[in-house]
Amino acid sequence: MLIDSHCHLDFPELATDESGVLARAKTAGVAGMLTIGTRLDQFDKVRAIAERHGNVWCSVGVHPHEAKEEGQSTPDRLIEATRHPKVIGIGETGLDFYYEHSPRAEQAESFRAHIAASRQTGLPLIVHTRDADQETGDILEDEYGKGAFPGLIHCFSSGPEVARQALALGMYISISGIVTFKAAESLRTIVRDIPLDRLLVETDAPYLAPVPKRGKTNEPAFVAHTAAKVAELKGVTVAELEAATTENFFKLFSKAQRAQAERAACA
Ligand SMILES: [Zn+2]
Ligand SMILES: [Zn+2]
């Protein structure tokens, strides 16, 4: 039983074939998935997908790309959205200096508002960070100093220092299909050093399909390829990797009910 800890089921590539995507996930042994909020004006759609399926949960957040248009300066609207039982996390949020679609200061302000929402609700923070290792680490450590919050770095692609900082703060690290790419040797080196009890796996679908599906539209079923690669790097069986990452998911996202995934897997 696998969990895809980060996908975008509301994006058109997947939303147009929702029942097919869910059916193929089930066949591949993916018993649950977390579909991620990226804009508040799209949140109703994201939440509706989670409402339709017992084994799909959602998060609420504003992607750093959208900070310019929708960035939050307070946690209020995010906290309000978490009252729904299927909303189990805050994000995705963070810093993206690779694309820099939004000014850095606005990304940082919105990031801190999301952290405040995570701290106040106790729901995990889902961090997106790209080409912003130093600034992401600084904000996480600074905010952690004001009060603890649970969280993870999703689609990990940073350097070893961010991994070290995140682990020291008690955070988890989620690995995407990038780990299967030929050029990702430095990521594989980092994954070998991340403790098994802090690892999650994800697709970030519809993007970043893992080898051997590279170039195709990614979907939750393909997380199995990423899990197989991570198992190989950790020197454990696929079954052990599945058990550990599923355990980690429900430990971190404690609002999600494991029984719903188990029911979906057996149905
Ligand atoms: Zn992301
Ligand atoms: Zn994402």
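Mentor: Before reading a metal site, fix what counts as a donor: an N, O or S atom within 2.8 Å of the metal (3.2 Å for Na, K and Ca), and because water is not among the atoms, sites may look incomplete. This is a predicted model, in which local features need pLDDT of at least 70 and side-chain atom pairs count only at pLDDT 80 or more, while totals for chains, interfaces and linings use all residues. Residues are numbered from 1 along each chain as its sequence is written, chains are lettered from A and ligands numbered from 1 in the order written, and side-chain values use heavy atoms, without hydrogens or water.

Trainee: Which residues are the protein donors of the zinc ion (ligand 2)?

Mentor: His-6 and His-8 each give their NE2, Glu-92 an OE and Asp-204 an OD, and these donors lie 2.0 to 2.6 Å from the zinc ion (ligand 2).

Trainee: How are the donor residues of the zinc ion (ligand 2) spaced in sequence?

Mentor: The pattern reads H-x1-H-x83-E-x111-D, where each x carries the number of residues between donors. Taking His-8 and Asp-204 as a pair, they link distant parts of the chain, 196 residues apart: His-8 is in the loop between β1 and α1 (12–15), and Asp-204 is in the loop between β8 (199–201) and α10 (223–234). The element names come from DSSP runs numbered from the N terminus, a helix being H or I over at least four residues and a strand E over at least two.

Trainee: Are His-8 and Asp-204 buried or exposed?

Mentor: Buried means under 20% relative accessible area, exposed over 50%, and partly exposed in between, using a 1.4 Å probe and protein chains only. His-8 has 2% relative accessibility and therefore counts as buried, and Asp-204, with 10%, is buried as well.

Trainee: What are the protein donors of the zinc ion (ligand 1)?

Mentor: The zinc ion (ligand 1) is held by an OE of Glu-92, ND1 of His-128 and NE2 of His-154, at distances of 2.0 to 2.1 Å. Along the chain these donors follow the spacing E-x35-H-x25-H. Glu-92 appears in both donor lists, for it bridges the zinc ion (ligand 1) and the zinc ion (ligand 2), which lie 3.4 Å apart. His-128 lies in strand β5 (residues 125–130) and His-154 in the loop between β6 (151–153) and α8 (160–168), so this pair ties together parts that are 26 residues apart in sequence. His-128, at 13% relative accessibility, counts as buried, as does His-154 at 2%.

Trainee: What order do the strands of the open sheet have?

Mentor: Two strands pair if DSSP finds at least two bridges between them. Here eight strands form an open sheet in the order β1-β2-β3-β4-β5-β6-β7-β8, with parallel pairing. The edges are taken by β1 and β8, each of which has a single partner strand, so one side of each is left without a neighbour in the sheet.

Trainee: How many bridges join β1 to strand β2?

Mentor: Four bridges join β1 to β2 (residues 30–35), and the two run parallel. One of the residues of β1 is Asp-4, whose bridge partner in β2 is Met-33. Strand β1 (residues 2–7) is mostly covered, with six of its six residues buried, and Asp-4 itself has 0% relative accessibility. Asp-4 also illustrates how the fold joins remote sequence, since 201 residues separate it from Ala-205, yet the C-alpha atoms of the two are 9.4 Å apart. Further along the sheet, β4 (residues 87–96) pairs with β5 in the parallel sense over five bridges, and there the partner of Leu-95 in β5 is Thr-129.

Trainee: Why is the pair of Tyr-144 and Phe-149 called edge-to-face?

Mentor: Rings of Phe, Tyr and Trp (its six-membered ring) pair if their centres lie within 6.5 Å, and planes under 30 degrees apart count as stacked, over 60 as edge-to-face and the rest as tilted. By this rule there are seven aromatic pairs. Tyr-144 and Phe-149 have ring centres 5.3 Å apart and planes at 65°, so the pair is edge-to-face. Tyr-144 is partly exposed at 26%, whereas Phe-149 is buried at 4%. Phe-249 and Phe-250 form another edge-to-face pair, with 5.1 Å between centres and 90° between planes. Phe-249 is buried at 1% and Phe-250 at 10%, and these two residues form one aromatic cluster together with Trp-57 and Phe-253.
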